[in-house]
Amino acid sequence: MTADNPPAVEQPAVEQPAAEPRVVEQRGLYFDELEEGVLYAHRPGRTVTETDNVLFTTLTMNTQALHLDAAWSAGQPFGQRLVNSMFTLSTVVGQSVSQLTQGTIVAQLGLTDVSFPHPLYHGDTLYTETVITGKRLSGSRPGQGIVTMQHTGRNQDGTVVALATRSCLMWTREAHAGQQTGGQKGTMAV
């Protein structure tokens, strides 16, 4: 080493800013992505417990003994308590949300043709599937469309326990992107 050649001094590493990770947000499908005639199978299933049934029934002030009174229900045609059909319907619709409408719905417009062809019992597992039976762009709400869905709820044996036709007002991808960046204001998903 000479005065002209000082010893090498290790410089501390300069920390580089970390690259931002790519973000993948879970969402439903936009109007443009939904396909008529396709069967969307929603998983996982939901095993319904006695607690689910009693809590839902009492929260909604439904005093029907078929849901609450085991001794009385034992003497009725099904021989046991039945799961509240409104719980069944709510769960059927709820099971479809993450796959079809999470963040892509403007509003639910209505439910029709609701039926419960077979009871659901405590301990049954409910599986839901949905078929898109119709879709059209809205004539009065640009960037939105009306989608008709047929929901079918089945128990673990494949027996149909619930049917419902549901219509929803859905965003198109382009219009929703514009709305999120300052386009339409005051619209809230339901």
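The following legends describe close-up views of a predicted model.

**View 1. Five strands form an open, antiparallel sheet**. The strand order is β1-β3-β4-β5-β2. The edges of the sheet are β1 (residues 39–47) and β2 (residues 105–115), each of which pairs on one side only. From one strand to the next, the twist averages 25 degrees. Helix α4, spanning residues 85–101, lies across β1, β2, β3, β4 and β5. Relative to β1, helix α4 runs at about 125 degrees.

**View 2. Strands β3 and β4 run antiparallel and are joined by ten bridges**. One residue pair may serve to locate the register: V131 has Q150 in β4 as its bridge partner. Strand β4 also contains I146. The C-alpha atoms of I146 and R136 are 5.4 Å apart, although ten residues separate the two in sequence. Beyond its neighbours up to four places away in sequence, I146 touches G134, K135 and R136, together with F31, L109, C168 and L169.

**View 3. Ten residues make up the largest nonpolar core**. Its members are F31, L34, Y40, L100, I105, I132, V147, M149, C168 and M170. At least two of these residues come from β4 (144–154), and at least two come from β5 (160–171). A second core, separate from this one, has nine residues, including V48, F56, L120 and V161. In soluble globular proteins, nonpolar side chains tend to be buried together.

**View 4. I132, a member of the largest nonpolar core, is shown with its contacts**. Leaving aside residues up to four places away in sequence, I132 touches L34, E35, E36, G37, V38 and Y40. On the same basis, I132 also touches V147, T148 and M149. Among these contacts, L34, Y40, V147 and M149 are likewise listed in the core.

**View 5. S138 occupies the loop between β3 (125–137) and β4**. S138 counts as buried because its relative accessibility is 14%, below the 20% limit used for that class. A polar atom of the S138 side chain lies 3.2 Å from the backbone nitrogen of S140. The backbone nitrogen of R141 lies 2.9 Å from a polar atom of the S138 side chain. Outside the residues up to four places away in sequence, S138 touches Q144, G145 and L169.

Methods: Residues numbered from 1 in each chain as written. Predicted model: local features only at pLDDT ≥ 70, side-chain atom pairs only at ≥ 80, totals over all residues. Heavy atoms only, no water. Core = buried A, V, L, I, M, F, W, Y, C linked by side-chain atoms within 4.5 Å. Buried < 20%, exposed > 50% of the residue type's maximum accessible area, 1.4 Å probe, protein only. Helix = DSSP H or I, 4+ residues; strand = E, 2+ residues; numbered from the N terminus. Contact = heavy atoms within 4.5 Å. Polar contact = N/O pair within 3.5 Å; in protein donor to acceptor, adjacent residues only side chain to side chain. Pairing = 2+ DSSP bridges. Axes fitted to C-alpha atoms, helices over the stretch in contact; angles between N-to-C directions.
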